[in-house]
Structures are given as C-alpha cells and as structure tokens.
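This report looks at a ligand and its surroundings, and then at a set of paired strands. The sequence and structure are shown first.

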Amino acid sequence: MTNAMHEPVTFPVTREHPLDPPQDFARWREDAPLRPMLFADGHVGWLATGYAVSRAVLADPRFSNDVQVTHPPIPQRIRQQTLAKFPGFFLREDPPEHTRFRRLLTGQFTVRRMRLLEPRIEKITNDRLDAMEREGAPVDLVQSFALPIPSLVICELLGVPYSDHDRFQRDSSALLNLDNSIERAREAMESLLDYVRGLVARKRDEPGDDLISGLIATGRLTDVEITGASVLMLVAGHETTANMLALGTYTLLRNPAQLAALRADPSLAESAVEELLRYLTIVHLGPVRTATEDVEIEGQTIRAGQSVTVSLSAANRDPGRFGDPDSLDITRQATGHLSFGHGIHQCLGQQLARIEMRIGYPALLARFPGLRLATPGEEVAMRSNMAIYGVHRLPVAW
Amino acid sequence: MRIKADTDVCIGAGMCVFTAGDVFDQDEDEGTVVVLLPEPPPDRHAAVRRALQVCPSGALSISEDE
Ligand code: SF4
C-alpha cells in the first residue's frame, strides 16, 4: 500500500562490469520491480526495473512522454531535457501530435522497404571492409566500420550529402555527450538545425528521391517541423546502430564460444542480433514517463504528475522473462526485449537497425577470420558518459 | 483462430511482419498492419501469438472460436 519500506533510491550509473548493468538493479528488481526513486531535481517518482512493469508503463496511454512534464533521472539529463523541445521532435510528444508525425513516417520504414535497402547496405558494408583491408591492421573499428555504415545509410535515406557527415557526426556526439556543458550542447543542436534547415529549403526547390523530399511532398508538415523531425532521425540513425555494431563486436570478441558459433553458422545472425540488443541494451539511462492521472500498477499507486524511470537494461535482464539473463546466448529467442522501447514510441528505425547488424556482423567475421582486439579488452574505454552506451574506440587487428 | 487488427492503434513498428511475415504485412503508405491471413492455418498459430506478444501498441487481437 504505502512505500514506507522503500526509501527512494537514486538512479545508479556506475557499472561494476562494462557489459552488465549496475548491480543494484538486480537486487532492487527482486525486492520491488517498481520502487520510489529520487530524481535529479528533487522530485520523488519511481524506478521500474522488472520486465512486466516496464512494459506495462511504456504501453499505458495514461503515461506521457512530453518533455515538458517529465523529470530528469540524473543531473546530466537536465541539459538534454531543455534541448529536447523543438518542433518536429515527436519522440518527446504525446498523441495526437506524436501520431501526426509518426503516421507520416512509418510508411517509409516498413519491413518491406527496409528489405529493399539490403543490397545497398551490403554494398556499403563491403566497401568499408575493403577500406579496412587497404588500411591494414590495426584499425579503430568505430571509425572505419561501425560509424560509417549507419551514417552512410541514414544520409542516403534522408538525402543528406555524405560529404557533410563529419559535421553532424561531431554535432550529434557533442549533443549526446553528457559531460558537455549546456552551452556546448545547445551550440551543437543549433548547428544541426541550421544545417538541416538549409537542406530542407534546397529540397523544396529541387526535390530528390529521398525521405525529406517525400515529407515535403505530403504538404502536411511545415519546413520547421520537417527540419526537427529530420534532425531527430539523423541523430538517432547515427549513434545507435554504430554503438551496437562496435559494442556487439567487442562483446563477441570477449565471448569466444559465441563468436565461434556465429562464425560457424551465419544463419544465427538474426537471433544473435536480437540477443546482442537484449544483452547490451545501449539505451541505458532512460526512458522516463509521467503519469497524467493516478495509475495503479504492481499494487502501487503512481500519482498524477509523478515520473517513472524505466531501466531497459534491468528489464532485459529480468530472470522472470529471460532464463539465465546475464549470459550471452546467441541461440536464444530474445525477441520481445525492450531495447527499442515499447508502446507507441517504439523505435521507428528498428527494422533498419536490425538489417544493418544482420549484414554487418557476419560480413565482418567472414572477411577477417582472425579478427581480434588490438589492445587488452579491459583497456577499451566505455561510453559511460554518453546517453547511448558503447565503446569510444575499438582497436582491432586480424 | 481469427485475427483482428486495429489500424488506428497500430504504430507501424513492423514487429508483426518481422515475427510472422507470411501472416502480416504493412500498408505501403502508412506502414500500418495489413493482415494477409485473417484465419491463419494451425501451424502458424504459435507465430501469431508471438507477434501479438511483441506488438508494441496492442493493435492485434485474436478470437479462438474453432
Ligand atoms: S507490430 Fe503492432 S504496431 Fe507494429 S505494425 Fe504490427 S500491428 Fe502495427
């Protein structure tokens, strides 16, 4: 009934092991999968660590994702919250605004359309592998492989000249680096918006066969809104898959038996991708939702106005949902993990991300049968200070 | 088994197509779910249940009257 037995906890960010979520989660999940949490601004809300309760919160229309009403779970998030308010940033809006944008975009990201992109993605992947071979070992896998592939793909899809990608790669990592000052982050955001604004204006005059031109053609969004939505997709398309490709490779290299299994049977790629998504859960700091009315969940009452931080990493390691959750098993059925979120905001680009990984991992392993880390695994610096988890650099040899 | 899909609720995440591509497809324009086999054969029932389970929006339901 009351939560007197549970003192509010703060959201843990320190990991004891680079590939496992902070250990506190496991203890808390067992004891109370939904428990009081102290937010960075002093708000007392909730922390969800169990799979079922996390899914329930994310799917429940009584919870808002409006950036104006959610509290920041950790101090560094205060910065991001203030930046996430611009037209077209539909991820942080509720229906009907969210629906209006999502509807215009979903047709562009269907499973079928993404499959049509496969040959293009294969070509891009092979070009990167050729370049790595030419360069010779050791190379930084992040710069030579993990980052360029999704970057090239999302640039192509949106109709952004790849020659400009350095600029928003810089901006987008400045934006997602939680250590950056709010001024630096705001600058990066302005720079991104500026760039895309110009691009949208150009495409209005000279439409191409790309997503931005397509959005203009619908006549249902203003240029300002198209700019915002495009920045959202550009940033999302850059950082997420790139980190999955690099961190996933690191993980496989540190789990030789799993690596050997995937190498021996590339048809395991699909389940391997799902399992890596579950096991790594690179969106490791959120999401947050706020109750718009009193909601009864897990025998607790979440009051209207209270925020809930959902730990996707904790939910994906819930032993009640995935047996032996802390071990990596690329043959398990991991679909149903919450790494892309759940509910109406579930990742729009997820089918694209899946294909990039399903092509990327096996191609990398096939091209370099002797692939190995070029520095000791413990020395690889993890992105603990970033909104999206991963490795900063991954030196590899073969 | 009969499948019902509510396209107003569907958010076009494609998890149903990803899970059971022979039973579900997505609309070309809106990306919302299209049910290819409203009465799927018994050997597809498990896949359909899995699709229902992973659908993020709750757009899908089944009735089991044999
Ligand atoms: S999984 Fe659900 S939300 Fe996604 S396309 Fe299918 S019915 Fe729609």
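A cavity is taken here as a set of grid points, laid over the protein atoms alone, where a 1.4 Å probe fits but cannot get out, and a molecule sits in such a cavity if more than half of its atoms lie within 2 Å of its grid points. In this predicted model, the ligand sits in the second largest cavity. Around the ligand there are 13 residues, of which Cys10(B), Ala13(B), Cys16(B), Cys55(B) and Ser57(B) come nearest. By class, the shell holds 10 nonpolar and three polar residues, with no charged residue in it. As for confidence in the chain that supplies these nearest residues, chain B has a mean pLDDT of 93, with 97% of its residues at 70 or more, while the model as a whole scores ipTM 0.87 and pTM 0.93.

In chain A, strand S2, which spans residues 44–48, is mostly covered, four of its five residues being buried. S2(A) takes part in the two pairings listed below.

| Strand paired with S2(A) | Residues | Sense | Bridges |
|---|---|---|---|
| S1(A) | 34–38 | antiparallel | five |
| S8(A) | 307–310 | parallel | three |

Within the antiparallel pair, Arg35(A) has Leu47(A) of S2(A) as its bridge partner. S1(A) and S2(A) form a hairpin with five residues between them, and in the turn Gly42(A) has a positive phi of about 95 degrees. In the parallel pair, Trp46(A) has Val308(A) of S8(A) as its bridge partner.

Notes: Residues are numbered from 1 along each chain as its sequence is written. Chains are lettered from A and ligands numbered from 1 in the order in which they are written. This is a predicted model: local features need pLDDT of at least 70, side-chain atom pairs count only at pLDDT 80 or more; totals for chains, interfaces and linings use all residues. Side-chain values use heavy atoms; hydrogens and water are left out. A residue is near a molecule or strand if one of its heavy atoms lies within 4 Å of it. On a 1 Å grid over the protein atoms alone, a cavity is a set of points where a 1.4 Å probe fits but cannot get out, and a pocket is an open set with protein on both sides within 12 Å along at least five of seven lines; lining residues have an atom within 4 Å of a point. Ala, Val, Leu, Ile, Met, Phe, Trp, Tyr, Cys and Pro count as nonpolar, Asp, Glu, Lys and Arg as charged, and the others, Gly among them, as polar. Buried means under 20% relative accessible area, exposed over 50%, partly exposed in between (1.4 Å probe, protein chains only). Helices (H or I, at least four residues) and strands (E, at least two) are DSSP runs, numbered from the N terminus. Two strands pair if DSSP finds at least two bridges between them. pLDDT is the predictor's confidence in each residue, from 0 to 100.
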